[in-house]
Amino acid sequence: MAGEKTEAPDNTALRTALWRALHVQADPPPHVLKDEIGLRLAAPDADWRSRPDMHPQTTRGFRAAMVARARFVEDLMAEQADRGITQYVILGAGLDTFAQRRPEIAARLRVFEVDQPATQAWKRHRLVELGYGIPDWLHLVPVDFEASEDWLEQLTAAGFDAGRPAVIVSTGVSMYLTKEATAATLRQIAGLAPGSTLAMSFLLPTELVAEADRPGLRASQAGAQASGTPFLSFYTPPEMLAQAREAGFEDARHVSGDTLAQRYFADRTDGLRPSSGEDLLLAVT
């Protein structure tokens, strides 16, 4: 659209995309997730791998956690698609590349990626520029959260059917929101059609993080603060489950980082394991 403002995703989204690519490039197979498309979209400087936050050794746990989280979400969506679910909503989509990497599943769905308007305009431009295009089943939904736009209203305007079940995913988002904002989001999702599934990641308080991972968590907090997107909310698993049930979810489960480590890293011989600190809420309406 002429005059449309475009703006690259924030540092967190870019870093996540680069870590996913680094997993393929720096870690031996088998790869938990193969995603170098985000790297193509981001198009960083040629020396991106020499950045301190991309150090192959010191960032191993973080990138393992990122790919484990993404793999869990994609396995969930594949399983739900096989059960007949046809709507997939990604809140805070950033540089998500499910639609480009998994078209054999995505083309059976209506995929809705929700993010800030300038970010969505940038991504649309990059997808077209790189030849991926925007298939008719992929909907980039711009929502101006700073102007308090209602994401569900914008989603519905983009073609989402609130009367049919969906998978809704929100990863790497809740720590940037107040607990009140997350509670409001949970209430909206709990009101969707029966059979809808939510996967939402959340950060653990420092005392619940493995001792070895605490310096990394503190560094992440400092980086987030410095870039103007501070971490606002941490949850114990019982607190997150209680919030989900108060919002109206009858079926709410905690998926720990250890669970993901066992599922995706148990047989590795290189010692690669996800760092602790971020767990998942899995809830069904």
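**Helix α1 and its surroundings**

In this predicted model, the elements that cover the buried residues of helix α1 include α2 (37–42), α3 and α4 (98–101). The buried residues of α1 are Ala13, Leu14, Thr16, Ala17, Leu18, Trp19, Arg20, Ala21, Leu22, His23 and Val24. The helix has 16 residues, which at 1.5 Å a residue should span 22 Å, and this agrees with the 21 Å that separates its end C-alpha atoms. At the N-terminal end, α1 is capped by aspartate 10, a side-chain oxygen of which lies 3.1 Å from the backbone nitrogen of threonine 12.

The packing of α1 against α3 can be described in further detail. The axis of α1 (residues 11–26) and that of α3 (residues 60–82) come within 9 Å and cross at roughly 100°; because angles of 65 to 115 degrees count as roughly perpendicular, the two helices are therefore roughly perpendicular to each other. On the side of α1, the contact is made by Thr16, Trp19, Arg20, Leu22, His23 and Ala26, while α3 contributes Phe62, Arg63, Met66, Val67, Arg69, Ala70 and Glu74. Sorted by class, this contact of α1 with α3 comprises seven nonpolar, two polar and four charged residues.

Helix α3 also holds aspartate 75, which counts as partly exposed because its relative accessibility is 28%, a value between the limits of 20% for buried and 50% for exposed residues. Aspartate 75 and leucine 232 are separated by 157 residues in sequence, and their C-alpha atoms are 29 Å apart in space.

Definitions and conventions. Residues numbered from 1 in each chain as written. Predicted model: local features only at pLDDT ≥ 70, side-chain atom pairs only at ≥ 80, totals over all residues. Heavy atoms only, no water. Axes fitted to C-alpha atoms, helices over the stretch in contact; angles between N-to-C directions. Helix = DSSP H or I, 4+ residues; strand = E, 2+ residues; numbered from the N terminus. Parallel < 35°, antiparallel > 145°, perpendicular 65-115°, else oblique. Contact = heavy atoms within 4.5 Å. Nonpolar A, V, L, I, M, F, W, Y, C, P; charged D, E, K, R; others polar. Expected span 1.5 Å × (residues − 1). Buried < 20%, exposed > 50% of the residue type's maximum accessible area, 1.4 Å probe, protein only. Polar contact = N/O pair within 3.5 Å; in protein donor to acceptor, adjacent residues only side chain to side chain.
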